[in-house]
Amino acid sequence: MADNTIIGEGWNTPITDHDPSAHAELSAIRMAAKALQNYRVVGATLYVTLEPCPMCAGAIVHSRLQRVVFGAYDLKTGAAGSALQLLDHSQLNHQPELCAGVMKEQCAKLISSFFARRRAEKKAARAALKAQEAER
């Protein structure tokens, strides 16, 4: 978001796109850069549900985003203070402002419910396939 306008958005699509780099943050940064016609997204704020991973943190630094706002912490791969601290690393040439834990309970619940639904869908699909095979 820049000047109170959404200039990019994204969601995770690594499985459907067969692309390990297809994280929501990267999709949003790419779209914003295209909208601005600049590889740097100076002055913009990135809002994400989950703490960025190291790959996304690198893109955030390189794109020169002004601020990152996230909700849920990612204790396994978070790179904004949980597992690593890349976004505030003194040796990097850019450190965005961080606003962490915004609506963290709601964000964590949203992520948990999404993955619970995905697991249930996969289980149902496997059961349907097994039933189909049994009918043959």
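**Close-up 1. One salt bridge is found in the whole structure, a predicted model.** Arg-117 and Glu-121 form a salt bridge through their side chains. The N to O distance is 3.8 Å. Both residues belong to helix H4. They sit four residues apart, so about one helical turn separates them. An α-helix has 3.6 residues a turn, so residues three or four places apart point the same way. Arg-117 is partly exposed, at 45% relative accessible area. Glu-121 is also partly exposed, at 41%.

**Close-up 2. The largest pocket holds about 1,200 Å³ of space.** Its lining counts 40 residues. Closest to the pocket centre are Gly-10, Trp-11, Asn-12, Ala-24 and Glu-25. Four elements each give two or more residues to the lining: helix H1 (14–17), helix H2 (24–36), S1 and helix H4 (104–135). H4 supplies the largest share, seven residues. Rolling a probe the size of a water molecule over the atoms shows where empty space is left.

**Close-up 3. Helix H3 has buried residues that pack against three named elements.** H3 spans residues 54–63. Its buried residues are Cys-56, Ala-57, Ala-59, Ile-60, Val-61 and Ser-63. They pack against H2, S1 and strand S2 (67–72). Just after the helix comes Arg-64. Arg-64 takes a positive phi of about 65 degrees.

**Close-up 4. Met-1, Ile-6 and Tyr-47 make a nonpolar surface patch.** The patch covers about 310 Å². Tyr-47 comes from strand S1, residues 45–50. Tyr-47 is partly exposed, with 45% relative accessible area. Patch residues need over 30%, so Tyr-47 at 45% passes that cut-off. S1 also appears in two other views: it gives residues to the lining of the largest pocket, and buried residues of H3 pack against S1.

**Close-up 5. Ala-100 in strand S3 touches Phe-70 and Tyr-73.** S3 runs over residues 97–100. The two contacts leave out residues up to four places away in sequence. Ala-100 and Val-68 are 32 residues apart in sequence. In space, their C-alpha atoms are 8.1 Å apart. Is Ala-100 buried, partly exposed or exposed? Ala-100 is partly exposed, with a relative accessible area of 37%. Buried means under 20% and exposed means over 50%, so 37% places Ala-100 in between.

Terms used:
Residues numbered from 1 in each chain as written. Predicted model: local features only at pLDDT ≥ 70, side-chain atom pairs only at ≥ 80, totals over all residues. Heavy atoms only, no water. Patch = residues over 30% accessible without salt bridge, like charges linked within 9 Å, V, L, I, M, F, W, Y side chains within 5 Å. Areas by Shrake-Rupley, 256 points an atom, 1.4 Å probe, with all protein chains shown as cover. Salt bridge = Lys/Arg side-chain N within 4 Å of Asp/Glu carboxyl O. Buried < 20%, exposed > 50% of the residue type's maximum accessible area, 1.4 Å probe, protein only. Contact = heavy atoms within 4.5 Å. 1 Å grid on protein atoms, 1.4 Å probe; cavity = no way out; pocket = protein on both sides within 12 Å on 5 of 7 lines; lining within 4 Å. Points joined across faces, edges and corners; volume = space filled by probe spheres on them.
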